[in-house]
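Trainee: I should like to learn how to read the features of a structure. May we begin with the terms and then take the case itself?

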Amino acid sequence: MDLFPLYNSLRIALISTFIIFFLGIFAAYYIAKAPRVLKGVLDVILTLPLVLPPTVVGYLLLRVLGPKRVVGKWFLAMFGIKLTMTWWSAIFATTVVIFPLMYRTARGAFEAFDKTLAYSAQSIGLSNTYIFWRIRMPYCKQGIMAGTVLAFARALGEYGATSMIAGYTPGRTATISTTVYQLWRTNDDSMAFRWVMVNMAISFVVLLAVNMLEKKEGKQRKGAA
């Protein structure tokens with residue numbers, strides 16, 4: 001059993017989760033403080049990939065990053081780098097697809113934050129940076145961690161956008177999801193089923209971790225109340 005699809009899926013999911021962890025927190029923090037109208041517009045734009053079919057997301061990425069498109073053509077001409085049909089091309093797809101999960105979870109955590117804690121900290125001269133990292137983030141960490149874990153699980157199982165922008169090449173771009181589809185196409189049901197079980201096992205562990213984080217957060221809020 002070739003383990004490359006597992007290795008490739010894990011590295012793509014880890015890298016994209018690392019990226020959206022910071023991007024999601026940054027966007028959620030500042031958009032939560034934005035005026036109501038602006039917040040509504042930005043929220044719709046940033047959440048759109050969550051409701052679009054993944055194949056549509058992949059198509060739009062190809063319209064931007066393809067070798068004959070503006071961005072893709074420029075990278076190819078300037079650096080000789082092709083932005084599609086490589087293993088790391090899938091990072092573009094998974095990052096776009098999972099960003100709304102992290103963003104909305106982090107925004108919800110920040111909106112639930114007791115602002116009197118920040119006001120109290122400001123009254124004794126603490127900086128906004130200190131308040132964010134030492135007060136706000138610890139208070140919201142359970143929700144943010146849950147969003148991170150969910151985003152990782154979604155990235156691990158992403159298929160539609162990934163298959164369009166990275167394709168399927170054994171030993172180069174294959175992921176668990178694309179491997180399952182290709183094995184099914186070639187009537188190799190036994191091997192496809194093995195990969196399905198691997199994906200289900202990982203997803204089970206991830207969801208178990210999310211439930212544990214949510215229960216822990218609930219207990220902490222009850223204790224604080």
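Mentor: Let us start with contact, which means heavy atoms within 4.5 Å. By that criterion, and leaving aside residues up to four places away in sequence, Ile176 touches Pro5, Leu6, Ser9, Trp195, Val198 and Asn199. Please note that this is a predicted model, in which local features need pLDDT of at least 70, side-chain atom pairs count only at pLDDT 80 or more, and totals for chains, interfaces and linings use all residues. Residues are numbered from 1 along each chain as its sequence is written, and side-chain values use heavy atoms, with hydrogens and water left out.

Trainee: How many helices and strands does the chain have?

Mentor: Helices (H or I, at least four residues) and strands (E, at least two) are DSSP runs, numbered from the N terminus. The chain has 10 helices and zero strands. Its C-alpha atoms fill a box of roughly 65 × 40 × 25 Å along the principal axes. Among contacts between residues at least 6 apart in sequence, 71% join residues at least 24 apart.

Trainee: Is Ile176 buried or exposed?

Mentor: Buried means under 20% relative accessible area, exposed over 50%, and partly exposed in between (1.4 Å probe, protein chains only). Ile176 counts as buried because its relative accessible area is 0%. This residue lies in helix 9 (residues 176-185). Ile176 and Leu3 are 173 residues apart in sequence, yet their C-alpha atoms are 9.3 Å apart in space. Across the chain of 225 residues, buried residues make up 38%.

Trainee: Where is Asn199, and which residues does Asn199 touch?

Mentor: Asn199 belongs to helix 10 (residues 189-224). With 17% relative accessibility, Asn199 also counts as buried. Beyond residues up to four places away in sequence, Asn199 touches Leu156, Gly157, Ile176 and Ser177.

Trainee: How do helix 5 and helix 7 cross?

Mentor: Axes are lines fitted to C-alpha atoms, for helices over the stretch in contact, and angles run from 0 to 180 degrees between N-to-C directions. The axes of helix 5 and helix 7 come within 8 Å and cross at roughly 145°. Residues of helix 5 in this contact include Leu101 and Thr105, and those of helix 7 include Cys140 and Gly147. For residue classes, Ala, Val, Leu, Ile, Met, Phe, Trp, Tyr, Cys and Pro count as nonpolar, Asp, Glu, Lys and Arg as charged, and the others, Gly among them, as polar. The contact of helix 5 with helix 7 comprises 14 nonpolar, five polar and two charged residues.

Trainee: What is the volume of the largest pocket, and what lines the second largest pocket?

Mentor: Rolling a probe the size of a water molecule over the atoms shows where empty space is left. On a 1 Å grid over the protein atoms alone, a pocket is an open set of points where a 1.4 Å probe fits, with protein on both sides within 12 Å along at least five of seven lines; lining residues have an atom within 4 Å of a point. A volume is the space filled by probe spheres set on the points. The largest pocket has a volume of about 330 Å³. Of its 15 lining residues, Tyr29, Lys33, Phe113, Lys115 and Arg136 are the closest to its centre. That lining divides into eight nonpolar, two polar and five charged residues. The second largest pocket holds about 180 Å³, and its lining includes Leu48, Leu61 and Phe92. By class, the lining of the second largest pocket has 11 nonpolar, no polar and no charged residues.
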